[in-house]
Amino acid sequence: MTPFPGSGLAKGLAVTLRTMTKKTVTEQYPDTQPDLPPRTRGVIGLFEENCTVCMLCARECPDWCIYIDSHKETVPATAPGGRERSRNVLDRFAIDFSLCMYCGICIEVCPFDALFWSPEFEYAETDIHELTHERDKLREWMWTVPAPPALDPGAEEPKEIAAARKTAEKLAATQAAAAAAATEAAEAARAAEVTEAAESTGGAEGTGAAESTGGAQTAPEPADPGHVESASPTDPPEGRS
């Protein structure tokens with residue numbers, strides 16, 4: 001169906017009329033801060049502990065607005081006979097926000113999660129040269145980075161979390177086995193002590209009974225008054241040698 005002449009103009013006027021009938025809402029900024037979306041691209045925060053000075057962000061930046069300086073330090077060997085290693089130490093990390101076009105390439109290519117988007121947007125300056133912010137300022141913006149969104153309940157578990165969970169479960173099982181073994185050993189030692197105490201007590205009682213039986217003497221029966229024992233003819237009479 002061929003549109004009739006002037007249909008585009010009519011659609012545009014309809015949009016204008018709908019907008020005119022809506023209620024106007026004025027945000028009282030700066031007295032009232034705006035409610036920004038959670039993924040707002042304000043400025044870039046730096047978590048310098050994760051930075052390894054790989055220079056990927058500076059090389060991939062289409063505006064060349066990231067400036068990085070570093071030096072090498074020698075790390076002594078951690079074990080006897082090992083060799084020394086060298087590592088890069090960050091000296092300067094600056095971003096010129098007068099050139100930055102907020103494409104986010106530096107954040108995407110960072111292999112160690114050292115750069116993050118922050119919703120902070122109040123960093124206007126009167127001098128364009130002051131829009132180059134050093135790593136101290138970038139670190140302050142790091143603490144305004146919102147928490148990452150929750151994962152989809154139906155999504156697969158990340159490999160890092162799965163590996164950490166398996167390691168924690170293995171460690172917990174090892175500790176539980178060690179605790180069970182220690183409990184069994186303690187119970188066996190306690191049972192051995194009880195048995196030894198019982199045996200020593202029983203032996204002492206038996207020895208005491210035997211001693212009391214062997215040391216008792218049988219009392220002689222009383223003599224019959226009507227019975228007189230005759231002396232043996234072989235016994236010499238008293239007084240004779």
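Where is Pro30 found? Pro30 sits in the loop between α1 and β1, and I begin there since the peptide bond from Tyr29 to Pro30 is cis, with omega near 10°. Most peptide bonds are trans, and most residues other than glycine have a negative phi.

Before going on, a word on the basis of all this: what you see is a predicted model, in which local features need pLDDT of at least 70, side-chain atom pairs count only at pLDDT 80 or more, and totals for chains, interfaces and linings use all residues. Residues are numbered from 1 along each chain as its sequence is written, and side-chain values use heavy atoms, with hydrogens and water left out.

Let me turn to the overall layout. The protein has five helices and five strands, where helices (H or I, at least four residues) and strands (E, at least two) are DSSP runs, numbered from the N terminus. Along the sequence, these elements follow the pattern α-β-α-β-β-α-β-β-α-α. Of the 241 residues, 16% count as buried, and by buried I mean under 20% relative accessible area, with exposed being over 50% and partly exposed in between, for a 1.4 Å probe and protein chains only.

Helix α1, residues 7-21, has 15 residues and reaches 21 Å from its first C-alpha to its last, close to the 21 Å expected at 1.5 Å a residue; that expected span is 1.5 Å times one less than the number of residues in the helix. The helix α1 is hardly covered, with a count of one buried residue among its 15.

Now the strands. There is an open sheet of three strands in the order β2-β3-β5, with antiparallel pairing, and its edge strands, each pairing on one side only, are β2 (66-75) and β5 (132-133). Two strands pair, in this usage, if DSSP finds at least two bridges between them. Between β2 and strand β3, residues 85-96, the antiparallel pairing runs over 10 bridges, and within it Ser70 stands opposite Leu90 in β3. Asp69 also has its place in strand β2; its C-alpha atom is separated by 6.8 Å from that of Phe93, although the two are 24 residues apart along the chain. At 40% relative accessibility, Asp69 counts as partly exposed.

Another pairing joins β1 and β4, in the antiparallel sense and over four bridges, with Ile44 standing opposite Trp117 in β4. In a regular strand the side chains alternate between the two faces of the sheet. In strand β1, residues 43-46, Val43 and Gly45 point one way while Ile44 and Leu46 point the other way, and all are buried.

What volume does the largest pocket have? The value is about 430 Å³. Of the 17 residues that line the largest pocket, the closest to its centre are Arg39, Phe116, Trp117, Val145 and Pro146. I should define this with care: on a 1 Å grid over the protein atoms alone, a pocket is an open set of points with protein on both sides within 12 Å along at least five of seven lines, where a 1.4 Å probe fits, and lining residues have an atom within 4 Å of a point. Grid points are joined across faces, edges and corners, and the volume is the space filled by probe spheres set on the points. The largest share of that lining, four residues, comes from strand β4 (residues 115-118). By class, the lining has 12 nonpolar, two polar and three charged residues.

Next, the aromatic residues. A search of the whole structure finds seven aromatic pairs, counted where rings of Phe, Tyr and Trp (its six-membered ring) have centres within 6.5 Å, with planes under 30 degrees apart called stacked, over 60 edge-to-face and the rest tilted. Phe97 and Tyr102 form a stacked pair, at 6.3 Å centre to centre and 25° between the planes. Phe97, at 5% relative accessibility, counts as buried, whereas Tyr102 is partly exposed at 24%. Both belong to one aromatic cluster with Trp117, Tyr123 and Trp141.

Finally, the backbone angles. Tyr102, in the loop between β3 and α3 (105-109), has a phi near 60°, a positive value in a residue other than glycine. Asp113 lies in the loop between α3 and β4, and its phi, near 55°, is likewise positive in a residue other than glycine. At 49% relative accessibility, Asp113 counts as partly exposed.

Technical notes. Nonpolar A, V, L, I, M, F, W, Y, C, P; charged D, E, K, R; others polar.
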